[in-house]
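User: I'd like to go through this structure and hear the reasoning behind each label. Could you show it first?

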Amino acid sequence: MSRLSRRDFCLGTLAASLLTGAHTKAQSTGPADSSTRPLLPIPPELRADSSGKIDLVAKPAKQTFLKGVTTPTYGFNGPFLGPALRFRKGETVIANVHNLLTQNVTAHWHGLIVPGHADGGPYMPIKPGQTWTAKLPIIQQAATLWFHPHLYPTTAELVLKGLAGLIIIDDENSDALPLPKRWGLDDIPVIIQDRRFNKDGSFFHRFNEITVAAGYCGDHLLTNGVINPVVKPPRGWLRFRILDGSNGRNYRLSTSDQRPLYVIATDGGFLPEPVEVKELPIAAGERYEVMVDARNGQPFDFLTLPVPQQVMRLPPFDGPVVFLSVLPSNSEGQGTLPEQLVSMPDIPTTLPPVSQQLVMQMNRRKISDKLIDATGLEKMVNSGTTDPAVVAKVLKLITEAPALPLKAQLTANAVSGVSFSFTEPGFKVPINKDLRWRISEGSDTMLHPVHIHGCQFRLIKLNDATPPPYMHGWKDTVPISNAGSAEIYVRFPLEAMPDMPYMVHCHVLEHEDSGMMTEFSVT
(Lines give C-alpha, C1' and ligand atoms only; values in the text may rest on other atoms or scores of the structure.)
Protein backbone atom coordinates (compact mmCIF):
# COMPACT_ATOMS: atom_id res chain seq x y z
CA MET A 1 0.00 0.00 0.00
CA SER A 2 1.45 3.42 -0.92
CA ARG A 3 1.97 6.07 1.72
CA LEU A 4 -0.75 8.31 0.31
CA SER A 5 -3.32 5.54 0.07
CA ARG A 6 -2.35 4.33 3.56
CA ARG A 7 -2.89 7.83 4.92
CA ASP A 8 -6.27 8.10 3.21
CA PHE A 9 -7.24 4.70 4.62
CA CYS A 10 -6.15 5.53 8.17
CA LEU A 11 -7.62 9.02 8.38
CA GLY A 12 -10.73 8.07 6.47
CA THR A 13 -11.60 5.23 8.83
CA LEU A 14 -10.38 6.68 12.13
CA ALA A 15 -12.44 9.86 12.47
CA ALA A 16 -13.28 9.78 16.14
CA SER A 17 -16.56 10.68 17.76
CA LEU A 18 -15.18 12.79 20.60
CA LEU A 19 -17.02 13.09 23.87
CA THR A 20 -18.43 16.33 25.23
CA GLY A 21 -19.77 17.40 28.58
CA ALA A 22 -19.42 19.42 31.71
CA HIS A 23 -17.21 19.48 34.77
CA THR A 24 -18.05 17.12 37.59
CA LYS A 25 -17.24 17.48 41.26
CA ALA A 26 -13.60 16.92 42.16
CA GLN A 27 -12.67 13.73 43.91
CA SER A 28 -12.02 13.69 47.64
CA THR A 29 -8.79 12.34 49.06
CA GLY A 30 -10.97 9.64 50.55
CA PRO A 31 -12.69 8.71 53.78
CA ALA A 32 -10.64 7.38 56.67
CA ASP A 33 -12.95 4.36 56.99
CA SER A 34 -11.46 1.79 54.64
CA SER A 35 -14.55 -0.42 54.88
CA THR A 36 -16.42 1.91 52.51
CA ARG A 37 -13.68 1.87 49.89
CA PRO A 38 -13.02 -0.66 47.12
CA LEU A 39 -10.20 -3.16 47.26
CA LEU A 40 -7.49 -2.60 44.68
CA PRO A 41 -8.33 -4.75 41.63
CA ILE A 42 -5.41 -6.94 40.55
CA PRO A 43 -5.23 -7.65 36.82
CA PRO A 44 -5.06 -11.39 36.11
CA GLU A 45 -1.82 -12.75 34.70
CA LEU A 46 -1.98 -14.06 31.13
CA ARG A 47 0.79 -16.39 29.97
CA ALA A 48 1.25 -18.02 26.59
CA ASP A 49 -0.36 -21.44 26.23
CA SER A 50 1.54 -24.64 25.41
CA SER A 51 1.77 -23.57 21.77
CA GLY A 52 3.20 -20.16 22.69
CA LYS A 53 0.03 -18.19 21.96
CA ILE A 54 -1.92 -15.52 23.81
CA ASP A 55 -5.25 -14.03 22.81
CA LEU A 56 -6.31 -10.45 23.46
CA VAL A 57 -9.83 -9.30 22.66
CA ALA A 58 -10.62 -5.59 22.41
CA LYS A 59 -14.31 -5.16 23.09
CA PRO A 60 -16.88 -2.60 24.31
CA ALA A 61 -18.28 -2.86 27.81
CA LYS A 62 -19.63 -0.86 30.74
CA GLN A 63 -18.33 -0.16 34.23
CA THR A 64 -19.43 1.87 37.24
CA PHE A 65 -16.82 4.35 38.48
CA LEU A 66 -19.12 6.94 40.08
CA LYS A 67 -22.06 5.99 42.26
CA GLY A 68 -25.33 5.82 40.38
CA VAL A 69 -24.01 6.10 36.80
CA THR A 70 -22.60 3.62 34.31
CA THR A 71 -19.73 4.50 32.01
CA PRO A 72 -19.31 3.03 28.50
CA THR A 73 -15.81 1.54 28.31
CA TYR A 74 -13.43 -0.49 26.20
CA GLY A 75 -11.23 -3.25 27.56
CA PHE A 76 -8.89 -6.06 26.64
CA ASN A 77 -10.39 -9.37 27.82
CA GLY A 78 -12.54 -7.45 30.31
CA PRO A 79 -14.62 -4.30 30.80
CA PHE A 80 -11.75 -1.87 31.56
CA LEU A 81 -7.98 -2.24 31.17
CA GLY A 82 -6.59 -5.71 30.47
CA PRO A 83 -4.63 -8.62 31.89
CA ALA A 84 -0.96 -8.51 32.82
CA LEU A 85 0.86 -10.33 30.05
CA ARG A 86 3.59 -12.47 31.60
CA PHE A 87 6.54 -13.19 29.30
CA ARG A 88 9.94 -14.77 29.87
CA LYS A 89 13.25 -13.78 28.31
CA GLY A 90 14.18 -16.27 25.60
CA GLU A 91 10.68 -17.33 24.60
CA THR A 92 8.76 -16.35 21.48
CA VAL A 93 5.11 -15.40 21.94
CA ILE A 94 2.44 -15.37 19.24
CA ALA A 95 -0.05 -12.64 20.13
CA ASN A 96 -3.48 -12.77 18.49
CA VAL A 97 -5.35 -9.47 18.89
CA HIS A 98 -9.06 -9.68 18.04
CA ASN A 99 -11.01 -6.47 17.41
CA LEU A 100 -14.65 -6.64 18.49
CA LEU A 101 -15.02 -2.85 18.49
CA THR A 102 -16.87 -0.86 15.83
CA GLN A 103 -13.72 1.15 15.08
CA ASN A 104 -10.13 0.35 14.16
CA VAL A 105 -7.59 -0.38 16.87
CA THR A 106 -3.95 -1.43 17.22
CA ALA A 107 -1.95 -3.06 20.01
CA HIS A 108 1.45 -1.50 20.65
CA TRP A 109 3.85 -3.28 23.03
CA HIS A 110 5.29 -0.23 24.79
CA GLY A 111 8.91 -0.87 25.80
CA LEU A 112 9.09 -4.32 24.19
CA ILE A 113 11.95 -4.61 21.69
CA VAL A 114 10.34 -6.31 18.70
CA PRO A 115 10.71 -5.87 14.90
CA GLY A 116 8.86 -2.98 13.31
CA HIS A 117 6.26 -5.24 11.69
CA ALA A 118 5.27 -6.57 15.15
CA ASP A 119 5.39 -3.22 16.99
CA GLY A 120 1.68 -2.42 16.67
CA GLY A 121 2.11 1.21 15.66
CA PRO A 122 -0.21 3.37 13.53
CA TYR A 123 0.68 1.50 10.32
CA MET A 124 -0.92 -1.69 11.67
CA PRO A 125 -4.66 -0.95 12.11
CA ILE A 126 -6.95 -3.86 12.96
CA LYS A 127 -10.35 -3.41 11.35
CA PRO A 128 -13.56 -4.28 13.23
CA GLY A 129 -14.07 -8.03 13.27
CA GLN A 130 -10.49 -8.79 12.24
CA THR A 131 -7.53 -10.38 14.05
CA TRP A 132 -3.90 -9.24 13.92
CA THR A 133 -1.18 -11.75 14.75
CA ALA A 134 2.24 -10.59 15.97
CA LYS A 135 5.29 -12.75 16.60
CA LEU A 136 7.07 -11.37 19.66
CA PRO A 137 10.64 -12.52 20.41
CA ILE A 138 11.36 -11.77 24.08
CA ILE A 139 15.02 -10.72 24.02
CA GLN A 140 15.32 -8.29 26.92
CA GLN A 141 15.84 -8.49 30.66
CA ALA A 142 13.18 -8.57 33.38
CA ALA A 143 11.07 -5.41 33.28
CA THR A 144 7.62 -3.88 33.71
CA LEU A 145 6.27 -2.72 30.34
CA TRP A 146 2.76 -2.08 29.05
CA PHE A 147 0.54 -2.31 25.98
CA HIS A 148 -2.04 0.06 24.52
CA PRO A 149 -3.48 1.18 21.16
CA HIS A 150 -1.37 3.37 18.90
CA LEU A 151 -3.92 4.39 16.28
CA TYR A 152 -3.45 7.81 14.71
CA PRO A 153 -5.20 10.13 15.45
CA THR A 154 -7.38 8.39 18.07
CA THR A 155 -4.87 6.85 20.49
CA ALA A 156 -5.97 9.25 23.24
CA GLU A 157 -9.64 8.30 22.99
CA LEU A 158 -8.96 4.55 22.89
CA VAL A 159 -6.65 4.61 25.93
CA LEU A 160 -9.05 6.92 27.76
CA LYS A 161 -11.86 4.38 27.36
CA GLY A 162 -9.75 1.64 28.95
CA LEU A 163 -7.54 -0.10 26.39
CA ALA A 164 -4.26 -0.69 28.25
CA GLY A 165 -2.51 -3.35 30.30
CA LEU A 166 0.81 -4.36 31.81
CA ILE A 167 3.53 -6.59 30.38
CA ILE A 168 5.82 -8.35 32.88
CA ILE A 169 9.08 -9.94 31.71
CA ASP A 170 10.88 -12.43 33.96
CA ASP A 171 14.42 -13.77 33.61
CA GLU A 172 16.99 -15.78 35.58
CA ASN A 173 18.19 -12.71 37.48
CA SER A 174 14.69 -11.74 38.62
CA ASP A 175 14.10 -15.36 39.64
CA ALA A 176 17.21 -15.34 41.84
CA LEU A 177 16.61 -11.99 43.59
CA PRO A 178 14.89 -12.26 47.01
CA LEU A 179 12.28 -9.64 46.03
CA PRO A 180 8.58 -10.02 46.81
CA LYS A 181 7.14 -12.15 44.00
CA ARG A 182 3.55 -13.03 44.97
CA TRP A 183 1.43 -11.28 42.35
CA GLY A 184 -1.18 -9.03 43.91
CA LEU A 185 -0.08 -9.87 47.47
CA ASP A 186 3.36 -8.32 47.94
CA ASP A 187 4.19 -7.73 44.24
CA ILE A 188 1.50 -5.17 43.48
CA PRO A 189 0.66 -3.56 40.12
CA VAL A 190 -0.44 0.09 40.28
CA ILE A 191 -1.82 1.79 37.14
CA ILE A 192 -2.57 5.48 37.72
CA GLN A 193 -4.93 7.33 35.36
CA ASP A 194 -6.92 10.53 35.64
CA ARG A 195 -10.39 10.89 34.17
CA ARG A 196 -13.16 13.47 33.83
CA PHE A 197 -16.78 12.38 33.52
CA ASN A 198 -19.78 13.84 31.74
CA LYS A 199 -23.08 14.10 33.61
CA ASP A 200 -24.31 10.88 32.00
CA GLY A 201 -21.26 9.00 33.32
CA SER A 202 -19.36 8.82 30.02
CA PHE A 203 -15.73 9.88 29.85
CA PHE A 204 -15.15 13.47 28.81
CA HIS A 205 -12.73 14.07 25.95
CA ARG A 206 -12.38 16.88 23.42
CA PHE A 207 -9.53 18.07 21.19
CA ASN A 208 -9.73 21.82 21.74
CA GLU A 209 -7.08 24.50 22.13
CA ILE A 210 -6.38 23.65 25.77
CA THR A 211 -6.23 19.89 25.22
CA VAL A 212 -3.75 20.01 22.33
CA ALA A 213 -1.55 22.26 24.47
CA ALA A 214 -1.84 20.96 28.04
CA GLY A 215 -3.03 17.40 27.40
CA TYR A 216 -5.92 15.64 29.06
CA CYS A 217 -6.91 17.12 32.43
CA GLY A 218 -9.09 14.88 34.60
CA ASP A 219 -10.49 15.56 38.06
CA HIS A 220 -10.78 11.96 39.31
CA LEU A 221 -7.88 9.61 39.90
CA LEU A 222 -8.28 5.93 39.02
CA THR A 223 -5.95 3.25 40.37
CA ASN A 224 -6.27 -0.03 38.48
CA GLY A 225 -9.61 1.26 37.26
CA VAL A 226 -11.24 2.29 40.56
CA ILE A 227 -11.33 5.45 42.64
CA ASN A 228 -9.54 5.60 45.99
CA PRO A 229 -8.90 1.88 46.62
CA VAL A 230 -7.18 0.09 49.49
CA VAL A 231 -4.81 -2.86 49.38
CA LYS A 232 -4.17 -5.23 52.29
CA PRO A 233 -0.77 -6.89 51.81
CA PRO A 234 1.25 -8.79 54.42
CA ARG A 235 3.51 -6.77 56.70
CA GLY A 236 7.04 -6.72 55.36
CA TRP A 237 8.84 -5.40 52.30
CA LEU A 238 6.37 -4.59 49.52
CA ARG A 239 7.03 -4.19 45.79
CA PHE A 240 4.90 -1.82 43.70
CA ARG A 241 5.08 -1.76 39.89
CA ILE A 242 3.82 1.75 39.07
CA LEU A 243 2.68 2.81 35.61
CA ASP A 244 1.61 6.34 34.76
CA GLY A 245 -1.05 5.25 32.30
CA SER A 246 -2.64 8.70 32.13
CA ASN A 247 -3.15 10.40 28.79
CA GLY A 248 -1.08 13.39 29.81
CA ARG A 249 -0.87 13.97 33.55
CA ASN A 250 2.41 13.61 35.44
CA TYR A 251 2.67 12.95 39.17
CA ARG A 252 4.95 13.49 42.18
CA LEU A 253 4.64 10.29 44.16
CA SER A 254 5.18 10.19 47.89
CA THR A 255 3.85 8.55 51.05
CA SER A 256 1.62 10.06 53.71
CA ASP A 257 4.06 9.35 56.56
CA GLN A 258 7.20 10.23 54.61
CA ARG A 259 8.52 6.67 54.68
CA PRO A 260 11.00 6.40 51.81
CA LEU A 261 10.49 4.81 48.44
CA TYR A 262 13.31 2.60 47.22
CA VAL A 263 13.41 2.69 43.42
CA ILE A 264 14.56 -0.70 42.12
CA ALA A 265 13.67 -0.49 38.41
CA THR A 266 13.05 1.98 35.61
CA ASP A 267 11.12 1.51 32.34
CA GLY A 268 13.41 -1.20 31.00
CA GLY A 269 14.49 -3.13 34.08
CA PHE A 270 16.41 -3.15 37.33
CA LEU A 271 18.78 -0.48 38.54
CA PRO A 272 22.21 -1.70 39.70
CA GLU A 273 21.14 -1.01 43.29
CA PRO A 274 18.13 0.50 45.08
CA VAL A 275 17.85 4.30 45.12
CA GLU A 276 16.15 5.89 48.13
CA VAL A 277 13.86 8.87 47.45
CA LYS A 278 11.22 10.80 49.37
CA GLU A 279 9.45 11.88 46.17
CA LEU A 280 9.38 10.25 42.74
CA PRO A 281 8.32 12.17 39.63
CA ILE A 282 6.63 10.03 36.98
CA ALA A 283 5.33 11.16 33.59
CA ALA A 284 2.81 9.66 31.19
CA GLY A 285 4.10 6.35 29.82
CA GLU A 286 6.87 5.90 32.40
CA ARG A 287 7.14 2.98 34.81
CA TYR A 288 9.03 2.64 38.08
CA GLU A 289 9.23 -0.28 40.45
CA VAL A 290 9.53 0.79 44.08
CA MET A 291 9.94 -1.06 47.37
CA VAL A 292 8.40 0.15 50.62
CA ASP A 293 9.22 -1.08 54.12
CA ALA A 294 5.96 -2.09 55.82
CA ARG A 295 7.52 -4.38 58.42
CA ASN A 296 6.08 -2.27 61.26
CA GLY A 297 2.55 -3.08 60.05
CA GLN A 298 1.49 0.58 60.15
CA PRO A 299 -0.90 1.74 57.40
CA PHE A 300 0.08 4.49 54.99
CA ASP A 301 -1.16 6.18 51.84
CA PHE A 302 0.41 6.63 48.45
CA LEU A 303 -0.27 10.16 47.29
CA THR A 304 0.63 12.58 44.54
CA LEU A 305 1.76 16.13 45.27
CA PRO A 306 1.08 19.22 43.12
CA VAL A 307 3.20 19.45 39.97
CA PRO A 308 4.60 22.59 38.29
CA GLN A 309 2.31 22.52 35.23
CA GLN A 310 -0.38 25.12 35.89
CA VAL A 311 -3.39 23.42 34.27
CA MET A 312 -2.49 20.20 36.10
CA ARG A 313 -2.87 22.02 39.46
CA LEU A 314 -6.63 22.44 39.23
CA PRO A 315 -8.58 20.90 42.14
CA PRO A 316 -8.19 18.34 43.54
CA PHE A 317 -4.58 18.37 42.35
CA ASP A 318 -3.88 21.73 44.01
CA GLY A 319 -3.03 19.67 47.10
CA PRO A 320 -2.02 16.11 47.97
CA VAL A 321 -4.31 13.45 46.49
CA VAL A 322 -4.34 9.90 47.85
CA PHE A 323 -4.53 7.26 45.13
CA LEU A 324 -3.94 4.09 47.18
CA SER A 325 -4.11 3.23 50.88
CA VAL A 326 -1.92 0.38 52.13
CA LEU A 327 -3.26 -1.49 55.17
CA PRO A 328 -0.80 -4.26 56.11
CA SER A 329 -2.30 -7.41 57.58
CA ASN A 330 -0.93 -9.55 60.41
CA SER A 331 0.61 -12.12 58.05
CA GLU A 332 4.35 -11.93 57.51
CA GLY A 333 5.88 -11.01 54.16
CA GLN A 334 8.43 -13.17 52.36
CA GLY A 335 10.62 -10.85 50.29
CA THR A 336 13.33 -8.38 51.14
CA LEU A 337 15.24 -5.46 49.62
CA PRO A 338 18.55 -6.63 48.08
CA GLU A 339 21.64 -4.43 48.21
CA GLN A 340 22.45 -5.26 44.58
CA LEU A 341 19.94 -5.87 41.79
CA VAL A 342 21.63 -6.34 38.42
CA SER A 343 24.97 -5.87 36.74
CA MET A 344 24.52 -3.13 34.15
CA PRO A 345 26.93 -2.37 31.31
CA ASP A 346 28.61 1.01 31.50
CA ILE A 347 27.72 3.66 28.96
CA PRO A 348 30.70 3.73 26.55
CA THR A 349 33.19 6.41 27.53
CA THR A 350 33.64 7.42 23.91
CA LEU A 351 30.41 7.99 22.08
CA PRO A 352 29.86 9.11 18.49
CA PRO A 353 28.67 12.63 17.71
CA VAL A 354 24.96 13.31 17.97
CA SER A 355 23.40 11.61 14.93
CA GLN A 356 19.78 12.62 15.47
CA GLN A 357 18.29 15.80 16.89
CA LEU A 358 14.58 15.80 17.61
CA VAL A 359 12.71 18.92 18.71
CA MET A 360 9.21 18.70 20.23
CA GLN A 361 7.21 21.70 19.03
CA MET A 362 3.78 23.21 19.73
CA ASN A 363 2.45 25.16 16.76
CA ARG A 364 -0.57 26.70 18.51
CA ARG A 365 0.99 27.41 21.89
CA LYS A 366 0.57 31.19 21.64
CA ILE A 367 -3.17 30.75 21.19
CA SER A 368 -3.57 28.51 24.22
CA ASP A 369 -1.26 30.69 26.32
CA LYS A 370 -3.40 33.73 25.57
CA LEU A 371 -6.57 31.88 26.57
CA ILE A 372 -5.04 30.56 29.80
CA ASP A 373 -3.42 33.90 30.71
CA ALA A 374 -6.82 35.60 30.48
CA THR A 375 -8.18 33.36 33.24
CA GLY A 376 -5.62 34.51 35.83
CA LEU A 377 -4.37 30.95 36.38
CA GLU A 378 -0.68 31.85 36.54
CA LYS A 379 -1.31 34.50 39.19
CA MET A 380 -3.44 32.07 41.18
CA VAL A 381 -0.78 29.34 41.11
CA ASN A 382 1.96 31.79 42.06
CA SER A 383 -0.12 33.00 45.02
CA GLY A 384 -0.28 29.50 46.48
CA THR A 385 -4.04 29.72 46.91
CA THR A 386 -7.00 28.38 44.92
CA ASP A 387 -9.49 30.92 43.58
CA PRO A 388 -12.82 29.26 42.65
CA ALA A 389 -13.55 31.99 40.10
CA VAL A 390 -10.28 31.36 38.28
CA VAL A 391 -10.80 27.61 38.43
CA ALA A 392 -14.27 28.02 36.92
CA LYS A 393 -12.85 30.03 34.01
CA VAL A 394 -10.19 27.42 33.26
CA LEU A 395 -12.70 24.56 33.51
CA LYS A 396 -14.97 26.36 31.08
CA LEU A 397 -12.11 26.46 28.57
CA ILE A 398 -11.39 22.76 29.08
CA THR A 399 -14.97 21.53 28.89
CA GLU A 400 -16.78 24.06 26.70
CA ALA A 401 -14.28 25.38 24.17
CA PRO A 402 -15.18 23.94 20.75
CA ALA A 403 -13.30 21.01 19.29
CA LEU A 404 -10.72 21.92 16.68
CA PRO A 405 -11.41 20.97 13.07
CA LEU A 406 -9.51 17.76 12.23
CA LYS A 407 -7.00 19.57 9.99
CA ALA A 408 -6.19 22.03 12.79
CA GLN A 409 -5.84 19.18 15.29
CA LEU A 410 -3.44 17.22 13.09
CA THR A 411 -1.12 20.21 12.62
CA ALA A 412 -1.29 21.62 16.15
CA ASN A 413 2.03 20.04 17.17
CA ALA A 414 5.14 18.73 15.46
CA VAL A 415 8.56 17.12 15.72
CA SER A 416 11.41 19.13 14.20
CA GLY A 417 9.00 21.29 12.25
CA VAL A 418 6.89 18.51 10.71
CA SER A 419 3.50 17.25 11.92
CA PHE A 420 2.94 13.52 11.54
CA SER A 421 0.98 12.72 8.39
CA PHE A 422 1.74 9.17 7.09
CA THR A 423 3.25 10.84 4.00
CA GLU A 424 6.60 11.95 5.41
CA PRO A 425 9.41 9.40 4.97
CA GLY A 426 10.90 9.92 8.43
CA PHE A 427 14.59 9.17 8.98
CA LYS A 428 16.85 6.14 8.76
CA VAL A 429 18.81 4.50 11.58
CA PRO A 430 21.56 1.87 11.28
CA ILE A 431 20.91 -1.45 12.97
CA ASN A 432 23.04 -2.61 15.93
CA LYS A 433 25.18 0.51 16.12
CA ASP A 434 25.95 2.71 19.13
CA LEU A 435 24.13 6.01 18.66
CA ARG A 436 23.82 9.29 20.48
CA TRP A 437 20.62 11.29 20.12
CA ARG A 438 19.55 14.67 21.47
CA ILE A 439 15.89 15.36 22.26
CA SER A 440 14.80 18.90 23.11
CA GLU A 441 11.86 21.28 23.03
CA GLY A 442 13.40 24.59 21.99
CA SER A 443 11.94 27.42 24.04
CA ASP A 444 8.82 25.46 24.96
CA THR A 445 8.15 24.91 28.69
CA MET A 446 5.50 22.18 28.50
CA LEU A 447 6.23 18.71 29.80
CA HIS A 448 6.89 16.24 26.98
CA PRO A 449 7.57 12.61 27.96
CA VAL A 450 9.27 11.43 24.77
CA HIS A 451 8.91 7.73 23.93
CA ILE A 452 11.07 5.86 21.41
CA HIS A 453 9.97 2.54 19.92
CA GLY A 454 12.20 -0.45 19.28
CA CYS A 455 14.73 0.12 22.05
CA GLN A 456 15.67 0.68 25.65
CA PHE A 457 18.13 3.55 26.04
CA ARG A 458 20.37 5.09 28.69
CA LEU A 459 20.30 8.74 29.68
CA ILE A 460 23.65 10.48 29.22
CA LYS A 461 22.47 13.97 30.17
CA LEU A 462 19.22 15.52 31.31
CA ASN A 463 19.15 19.29 30.86
CA ASP A 464 22.91 19.15 30.22
CA ALA A 465 23.52 17.60 33.64
CA THR A 466 23.93 14.10 35.04
CA PRO A 467 20.46 12.53 35.40
CA PRO A 468 19.27 11.68 38.93
CA PRO A 469 20.29 8.22 40.19
CA TYR A 470 16.75 6.82 39.96
CA MET A 471 16.92 7.39 36.17
CA HIS A 472 20.23 5.56 35.66
CA GLY A 473 18.56 2.38 34.38
CA TRP A 474 17.19 1.42 30.98
CA LYS A 475 14.51 3.82 29.74
CA ASP A 476 12.15 4.06 26.79
CA THR A 477 10.46 7.32 27.83
CA VAL A 478 12.22 10.49 28.99
CA PRO A 479 10.38 13.60 30.24
CA ILE A 480 11.68 17.01 29.20
CA SER A 481 10.23 20.36 30.27
CA ASN A 482 11.08 24.04 30.83
CA ALA A 483 13.02 24.34 27.55
CA GLY A 484 14.77 21.12 28.54
CA SER A 485 16.75 18.50 26.68
CA ALA A 486 18.01 14.95 26.99
CA GLU A 487 20.97 13.16 25.44
CA ILE A 488 20.66 9.40 25.16
CA TYR A 489 22.83 6.41 24.30
CA VAL A 490 20.78 4.03 22.19
CA ARG A 491 21.13 0.96 19.97
CA PHE A 492 18.42 -0.65 17.81
CA PRO A 493 18.94 -4.43 17.58
CA LEU A 494 16.01 -5.32 15.30
CA GLU A 495 14.81 -4.27 11.87
CA ALA A 496 11.99 -1.86 11.08
CA MET A 497 11.33 -1.40 7.39
CA PRO A 498 10.08 1.90 5.93
CA ASP A 499 6.56 0.53 5.40
CA MET A 500 6.35 -0.64 9.05
CA PRO A 501 8.51 1.92 10.87
CA TYR A 502 9.11 2.69 14.54
CA MET A 503 7.82 5.92 16.09
CA VAL A 504 9.23 8.70 18.25
CA HIS A 505 6.58 10.82 19.91
CA CYS A 506 5.45 12.71 22.96
CA HIS A 507 3.49 10.39 25.27
CA VAL A 508 1.05 13.11 26.17
CA LEU A 509 -1.42 11.31 23.94
CA GLU A 510 -3.21 14.47 22.89
CA HIS A 511 0.16 15.80 21.67
CA GLU A 512 0.80 12.56 19.79
CA ASP A 513 -2.67 12.69 18.21
CA SER A 514 -2.08 16.27 17.08
CA GLY A 515 1.16 15.79 15.19
CA MET A 516 3.98 15.48 17.77
CA MET A 517 5.24 12.22 16.31
CA THR A 518 7.70 11.12 13.66
CA GLU A 519 8.75 7.78 12.21
CA PHE A 520 12.05 6.06 11.45
CA SER A 521 13.26 2.86 9.86
CA VAL A 522 16.07 0.59 11.09
CA THR A 523 18.09 -1.41 8.55
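Analyst: Happy to; this is a predicted model, and the questions below take its helix, sheet and cores in turn.

User: How do you know that H7 has the length expected of a helix?

Analyst: Helix H7 covers residues 388-400, which is 13 residues. At 1.5 Å a residue it should span 18 Å, and its end C-alpha atoms are 17 Å apart, so the two agree.

User: What makes the link between Asp-387 and Ala-389 at the start of H7 a polar contact?

Analyst: A side-chain oxygen of Asp-387 comes to within 2.9 Å of the backbone nitrogen of Ala-389. The cut-off for such an N or O pair is 3.5 Å, so the pair qualifies.

User: What covers the buried residues of H7?

Analyst: The cover includes helix H4 (209-214), helix H5 (365-373) and helix H6 (377-383). Among the buried residues are Val-390, Val-394 and Leu-397.

User: Why are S12 and S17 said to stand at the edges of the sheet?

Analyst: The open sheet has 7 strands in the order S12-S11-S10-S14-S19-S16-S17, with mixed pairing. S12 (226-227) and S17 (269-277) each have a single partner strand, so one side of each is left without a neighbour in the sheet.

User: What makes S10 and S14 a pair?

Analyst: Pairing needs at least two bridges, and S10 and S14 have 6, in the parallel sense, so they pair. As one example, Asp-187 has Arg-239 in S14 as its bridge partner.

User: Which residues touch the most other members of the largest nonpolar core?

Analyst: Of its 64 residues, these are Phe-240, Trp-437, Ile-452, Phe-492 and Phe-520. Apart from this core lies another, of 39 residues, including Val-105 and Phe-422.

Key:
Residues are numbered from 1 along each chain as its sequence is written. This is a predicted model: local features need pLDDT of at least 70, side-chain atom pairs count only at pLDDT 80 or more; totals for chains, interfaces and linings use all residues. Side-chain values use heavy atoms; hydrogens and water are left out. A nonpolar core is a set of buried Ala, Val, Leu, Ile, Met, Phe, Trp, Tyr and Cys residues joined through side-chain atoms within 4.5 Å. Buried means under 20% relative accessible area, exposed over 50%, partly exposed in between (1.4 Å probe, protein chains only). Helices (H or I, at least four residues) and strands (E, at least two) are DSSP runs, numbered from the N terminus. The expected span of a helix is 1.5 Å times one less than its number of residues. Contact means heavy atoms within 4.5 Å. A polar contact is a pair of N or O atoms within 3.5 Å; within protein, one must be able to donate a hydrogen and the other to accept it, and residues adjacent in sequence count only if both atoms are side-chain atoms.
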